[in-house]
Amino acid sequence: MRRPPIVALLLAFSLVWLLSACAGVSAGQDLPAVAPAASPPAGDELLVAAAADLQFAFTELGERFQAETGQPVTFVFGSTGNLTAQIENGAPFDILAAANVAYIDRLDAQGLILPETRQLYAQGRIVLAVNREAGVEATTLTDLLDPAISRVAIANPAHAPYGVAAQEALQSAGLWEALQPKLVLGENVRQALQFIQTGDAQAGIVALSIAQVPEVTYTLLPAELHNPLNQALAVIKSSRHPEAARAFIEFVNGPVGRPVMKKYGFLLPGEF
């Protein structure tokens, strides 16, 4: 029997998941904008569900992995919570690279990963980012109280680990309640950064790994303000390419992958 194309399968699972999520929203409640998903492969590409903070680092790693092994890789970047929910509903990913190890634990508890393949690969950091053209300055979280800063972007804490870290940092600083009227929630941390890049938000809290863009300046926030962002990945049990998936995980944590991850600001296993 001919298998349905992966593109159709993934789009179908994404649609089902989105419809299920929307069903729980009350009338009149605003939904966060959803960034377009990357197009899934139609052939033998390795399909990696990757947290949005990995967009720059994994794009580079994917190119290097393909050049070294000949194995094409396609990434679907999004919030870890949303990607995990899609896997739970049968989306045909080969790997989940999560921004918080808790989501790998969640899939492991359901028997949805190959447990021997799970590995920590990084610890992330968050920064206070400001649009260069906004005419405001913010180098501490308290600066976000400035009336000139009317919109502060973070990822949605409901399903994005970097949004949770941003919330924890603001709570640690005693600012979470005071900043509620200013908060703009991105569907993931990459979309939160886009809000700052475009000036839709003058400032925000995003991942260090994606903050090195021309439109923003940023200040690294103290790690003590939030729980550690220990990031892990694993091969999905239903993977059609388990050996290639294992090879990619080893590549990320190997002599080529580690320097790339370090370049984008991640701490590496053995450093935390």
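Buried here means under 20% relative accessible area, and that cut-off is worth having in mind for the views below, which all come from a predicted model.

**View 1. Helix H3, a mostly covered helix.** H3 takes in residues 80-88, and eight of its nine residues are buried. Going along the helix, the buried ones are Thr80, Gly81, Asn82, Leu83, Thr84, Ala85, Gln86 and Ile87. After H3 comes Gly90, and its phi is positive, near 100 degrees.

**View 2. The largest cavity, with a volume of about 50 Å³.** How many cavities of 30 Å³ or more are there? The count comes to one. Thr80, which we just met as a buried residue of H3, turns up again in the lining of the largest cavity, together with Ala51, Ala52, Asp53, Gly78, Ser79, Ala99, Ala160, Pro161, Tyr162, Asn188 and Val189. Sorted by class, that lining has seven nonpolar, four polar and one charged residues. Both domain 1 (46-123 + 230-264) and domain 2 (126-220) chip in, with at least three residues from each.

**View 3. An open sheet of five strands.** Read across the sheet, the order is E7-E6-E8-E5-E9, and the pairing is mixed. Strand E7 (183-186) and strand E9 (216-220) are the edge strands, so each pairs on one side only. On average, neighbouring strands of this sheet are turned by 30 degrees against each other, direction ignored.

**View 4. Where E5 meets E9.** Strands of a sheet pair through backbone hydrogen bonds, either parallel or antiparallel. Which way do E5 and E9 run? Strand E5 (residues 126-131) and E9 run antiparallel, joined by five bridges. For one example, look at Leu128: its bridge partner in E9 is Thr219.

Technical notes:
Residues are numbered from 1 along each chain as its sequence is written. This is a predicted model: local features need pLDDT of at least 70, side-chain atom pairs count only at pLDDT 80 or more; totals for chains, interfaces and linings use all residues. Side-chain values use heavy atoms; hydrogens and water are left out. Buried means under 20% relative accessible area, exposed over 50%, partly exposed in between (1.4 Å probe, protein chains only). Helices (H or I, at least four residues) and strands (E, at least two) are DSSP runs, numbered from the N terminus. On a 1 Å grid over the protein atoms alone, a cavity is a set of points where a 1.4 Å probe fits but cannot get out, and a pocket is an open set with protein on both sides within 12 Å along at least five of seven lines; lining residues have an atom within 4 Å of a point. Grid points are joined across faces, edges and corners, and a volume is the space filled by probe spheres set on the points. Ala, Val, Leu, Ile, Met, Phe, Trp, Tyr, Cys and Pro count as nonpolar, Asp, Glu, Lys and Arg as charged, and the others, Gly among them, as polar. Domain bounds come from an automatic or database domain assignment. Two strands pair if DSSP finds at least two bridges between them. Axes are lines fitted to C-alpha atoms, for helices over the stretch in contact, and angles run from 0 to 180 degrees between N-to-C directions.
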